[in-house]
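Here are a few notes to read alongside the model, written as numbered points. Keep the viewer open and look up each place as you go.

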Amino acid sequence: MTNKELANLIFPNITKTIEDYEKLYPERNLKEGAKVVRFAPSPTGFMHIGNMMQAVINFVLAKSSGGVFYLRNEDTDQARTVDGAVDFIHHVLNYYHIKPDEYEYQGKIVGEYGPYIQSERIEIYHTFVKYLIEIGRAYPCFLTKEELEEIREYQTKSKKRIGIYGKYAKCRDMSPDEAAKRIKAGEKFVIRFKSMGDFNKKFVFEDLTQGKIEFPENDLDVPIMKSGDLLPTYHFAHLVDDHLMRTTHVVRGNEWMSSVPLHYELFKTFGYKMPKYIHTSLILKKDGDTIRKISKRKDPEALMFYYEEKGYPILAVIDAVLTIANSNFEEWRASNPDKPFYEFPFSPKKMSVSGALFDLDKLDNISKNYISKMTAENLYQEYKNWALKYNKEIDEIISKHKEDTIKFLNIEREVKKPRKDYENYAGIFDKSWYMYDEAWNRELNYNLGKVKDKDEIINIMEEYLNNYYNEDDSQEEWFNKIKELCLKMGYQSDMKIYKENPDNYKGSVADFTTVMRVVLTTLDMTPNLYDIMQILGKKRMLKRLEIFKENY
RNA sequence: GGCUCGUUGGUGAAAUGGUUAACACAUUGCCCUCUCAAGGCAACAUUCAUGGGUUCAAAUCCCAUACGAGUCACCA
C-alpha cells in the first residue's frame with residue numbers, strides 16, 4: 001500500500017486538492033503595505049483584557065494601513081467551549097466600535113475568505129492533512145494516553161527532552177499496510193506531523209516586537225488532527241487558515257512564542273510564506289507581593305464585563321489598553337488629543353517585551369479626563385444608558401430630574417480646566433445623590449467642620465435663606481452677601497485677616513459656607529455651592545434645613 | 001530539567017556608550033481658594049537585579065550568578 005492509498009483510506013470523501021483551495025482563496029488585492037490581520041479568540045472563556053489588547057492592536061494595524069481586520073472563531077476545542085463566549089466577543093467588539101471587516105455570526109458570513117468558524121472548515125483541514133499523508137509528511141499514530149504518559153515519565157526521569165520525537169515516535173515509520181490494518185480494525189489514532197527538523201540545528205526567526213531570536217529547529221511529531229472529532233489542533237489550523245485567509249500579520253499572545261519552530265517548519269513544508277508575527281506580552285497583576293498572570297477567576301478587572309458594568313467610557317478603556325501596549329502612545333495622545341485612536345502609528349518595536357501590570361489608577365486618570373471633556377448633555381446620555389442597563393433606580397431618578405441632572409453635571413464643566421470628578425458612570429450617583437429629594441431617605445451623616453452647634457447652624461441658615469438669599473443674584477453678588485452676613489454674625493470674610501488672628505472670630509468664611517454646604521448636602525466636599533443653590537432653589541433648601549433640624 | 005525571553009522608582013516607562021537617569025499615573029507637602037475638583041510649585045531611583053570585565057567614559061557592550069516569566073497536551 002502507498003501513502004496515497006493510506007490517505008484515501010483515512011479521508012475517502014475528500015476530493016478537493018490543496019491547489020483547489022489556493023484558487024478559491026486567491027491573494028488579496030490590496031494596496032502596498034496594507035495589513036491583513038485577524039482577531040482569533042477561542043470561545044473557551046469570556047473575553048478578557050488580554051484579548052482586548054490584541055483586538056485593539058489588530059484594529060489599529062488594519063485601519064492605519066488600509067488593510068483588513070477579520071474575526072475568526074477558533075472553536076476546535078469543543079469540550080471546553082463556554083456558552084455565551086462567542087456572543088460576548090461580538091458584543092464587546094460592537095460595544096467598543098472595533099468591528100471586524102470580515103466575520104461570521106448567526107449564520108451570516110461577511111467576507112470572501114470564509115467560513116470564519118473553524119469547526120466549519122473541517123473539510124479544508126482534512127484536504128491539507130491528506131496532502132501531508134500523501135507526501136509522507138504526516139502519519140497516523142496509535143499511541144494511547146497511557147503509552148504517552150509512560151514515555152513522558154521515562155523522559156522526565158532520565159532527564160531527556162520531553163515529547164514525541166526520534167525513537168519515541170513509535171508510529172513514525174509504520175508501514176502504510178500496518179497502519180491501514182489497524183485503522184480497519186477500528187483503532188483510535190491521531191495524525192501526527194512527521195518532522196524533518198534537527199534539534200541541534202538553529203534558525204533565526206524575526207519577531208516584530210522582540211527582534212531576531214535564535215531557535216533550535218523543531219523535531220517534534222506534533223498532533224495536527226485529533227482522534228475524536230477529527231478537528232485540527234491549533235498549530236495546523238493556524239497554518240491552513242492564516243495562509244488561506246492571506247493573513248499578513250499575526251498578533252497573538254506571547255505563550256505562542258515557543259511554538260514558533262513548529263509553525264516555521266509547517267509553513268516551510270508547504271512552501272508557504274510565513275506571516276509576520278507580533279507576540280504580545282502578558283498582562284500581569286500584582287497580588288500582594290507577587291506578580292502573576294492576570295486571572296479571570298481572581299481579578300474582576302480581567303474580564304471585559306468589568307469595564308462596562310463600571311461604566312468606563314469606551315475610548316478611555318481603549319486608550320488605557322494602548323498605553324500598555326505601546327510605550328509611545330501616551331506621548332502621541334498628549335499631542336493629538338482629538339485624533340481617533342486608530343490613527344496612532346502603532347509600532348511593534350515599541351511594545352514592551354516583558355509583561356505589564358494593568359494599572360487601574362491609570363485607567364481612572366484617563367477616564368476622568370475623557371469624562372471631563374464631554375458636554376453635560378453627552379455625559380447625561382452616557383450615564384443614562386449605563387443606568388438603564390445596570391441600575392434601574394438611578395435611571396428612574398435621573399430621568400425624572402433630567403434638567404437638574406444636566407445642570408449639576410455642567411457645574412464647572414464648560415471652562416478651560418473642567419472638573420475631573422468622575423472616573424466612570426457607576427460613580428456619579430454617589431457623588432450627586434444629595435441633589436435628589438428621593439435619595440434623602442437614607443441614614444444621614446452630617447460632615448460638619450469647625451461649627452457644630454445646632455442652634456448656631458440653624459440660626460445661620462434661617463438668617464441667610466430668609467434675609468439674604470436671592471436666586472437672581474450672580475455668583476459675585478451671592479458671595480458678597482455671604483461675606484456680609486458672615487461678618488455680621490462674627491465670622492471673618494477675609495481669609496488673610498482671619499489667618500492672622502483666628503481667635504478673634506467664630507470662624508472664617510470657609511467655615512461659614514461649610515455650614516451651608518453640609519446642611520444642604522451633608523457633605524463638606526461638593527462642587528461649587530452657588531451652582532448647587534441655583535439648582536436646588538429656595539424652597540428645597542428650606543426643606544433641607546427642616547431635615548437637618550430633625551436629624552442632627 | 002530542556003528551549004525561549006526578561007530584570008530601570010509604588011505603576012507604565014524613556015534613554016540604543018558621553019554632562020544633574022525624560023515623561024505620565026499614584027503618593028506626600030506647599031500655594032491658590034467658599035469646600036472639593038482643577039491649576040501652579042515642590043518632593044520621591046546618590047542609581048538602572050548582583051558580581052566581574054571591556055572602555056577615557058556603561059543603565060547601555062561582554063561574561064557569570066541570582067531571580068522572574070512563557071512553553072514543553074489529541075487546550076487554545
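1. Let's begin with a pair of strands. Strand 1 (residues 36–39) and strand 2 run parallel, and four bridges join them. If you want one spot to zoom in on, take Arg-38, which stands opposite Tyr-70 in strand 2. Please remember throughout that this is a predicted model.

2. Now look at the side chains of strand 2. Val-68 and Tyr-70 point one way, while Phe-69 and Leu-71 point the other way. Buried or exposed, what are these four? All of them are buried.

3. How do the two strands connect? Together with helix 3, strand 1 and strand 2 make a β-α-β unit, and this unit is right-handed. Helix 3 covers residues 49–65, and you will meet this helix again in the next point.

4. Next comes the nonpolar interior. The largest nonpolar core has 73 residues, and the members that touch the most others are Met-53, Val-56 and Val-321. Helix 3 gives this core its largest share, ten residues. Try selecting Val-321: leaving aside neighbours within four places in sequence, this valine is in contact with Met-52, Met-53 and Val-56. Apart from this core lies another one, of 28 residues, including Leu-6, Leu-143, Tyr-168 and Leu-266.

5. Staying with that part of the chain, find Thr-323 in helix 11 (residues 314–325). Why does Thr-323 count as buried? Because 20 C-beta neighbours lie inside 10 Å of Thr-323, and 20 or more is what the label asks for. Among residues further than four places away in sequence, Thr-323 touches Phe-329, Glu-330 and Lys-362. Another pair worth checking is Thr-323 and Ile-366: they sit 43 residues apart along the chain, and their C-alpha atoms are separated by 9.9 Å.

6. Compare that with a loop residue. Asp-77 is found between strand 2 (68–71) and helix 4 (85–95). Asp-77 counts as partly exposed because 16 other C-beta atoms lie within 10 Å. Beyond residues up to four places away in sequence, Asp-77 touches Ser-42 and Thr-44. Glu-214 is 137 residues from Asp-77 along the chain, and 31 Å separate their C-alpha atoms.

7. Helix 8 (residues 234–244) makes a good exercise in burial. How many of its eleven residues are buried? Eight are, so the helix is mostly covered. They are Phe-236, Ala-237, His-238, Leu-239, Val-240, Asp-241, Asp-242 and His-243. The elements that cover them include helix 5 (122–134), strand 9 (223–225), strand 10 (249–253) and helix 9 (260–270).

8. Helix 9 has its own buried set: Pro-261, Leu-262, His-263, Glu-265 and Leu-266. What covers these residues? The cover includes strand 6 (190–193), strand 8 (211–216) and helix 8. You may recognise Leu-266, which is also one of the residues in the 28-residue core.

9. A word on the backbone. Most residues other than glycine have a negative phi, and most peptide bonds are trans. Some places in this model are worth a look with that in mind. Leu-230, in the loop between strand 9 and helix 8, has a positive phi of about 60°. Helix 8 is followed by Arg-246, where phi is positive too, near 60°. Just after helix 9, Gly-271 takes a positive phi of about 75°. Glu-412 is not a glycine, yet has a positive phi of about 50°; you will find this residue in the loop between helix 16 (402–409) and helix 17 (454–467). Finally, a cis peptide bond joins Gly-114 and Pro-115, with omega about 0°; Pro-115 lies in the loop between strand 4 (108–110) and helix 5.

10. Last, step back to the domains. The assignment for chain A lists domain 1 (3–15 + 122–280), domain 2 (284–372), domain 3 (374–440) and domain 4 (454–551). The centres of domain 3 and domain 4, taken over C-alpha atoms, are 25 Å apart. Where these two meet, nine residues of domain 3 are in contact with eight residues of domain 4. On the domain 3 side, five of the touching residues are nonpolar, none are polar and four are charged.

How values were computed:
Residues are numbered from 1 along each chain as its sequence is written. Chains are lettered from A and ligands numbered from 1 in the order in which they are written. This is a predicted model: local features need pLDDT of at least 70, side-chain atom pairs count only at pLDDT 80 or more; totals for chains, interfaces and linings use all residues. Helices (H or I, at least four residues) and strands (E, at least two) are DSSP runs, numbered from the N terminus. A residue is buried if 20 or more other C-beta atoms lie within 10 Å of its own, exposed if 12 or fewer, and partly exposed in between; C-beta atoms are placed from the backbone. Two residues are in contact if their C-beta atoms, placed from the backbone, lie within 7 Å. Domain bounds come from an automatic or database domain assignment. Ala, Val, Leu, Ile, Met, Phe, Trp, Tyr, Cys and Pro count as nonpolar, Asp, Glu, Lys and Arg as charged, and the others, Gly among them, as polar. A nonpolar core is a set of buried Ala, Val, Leu, Ile, Met, Phe, Trp, Tyr and Cys residues joined through C-beta atoms within 7 Å. Two strands pair if DSSP finds at least two bridges between them. A crossover is right-handed if, with the strands pointing away from the viewer, the path from the first strand over the helix to the second runs clockwise.
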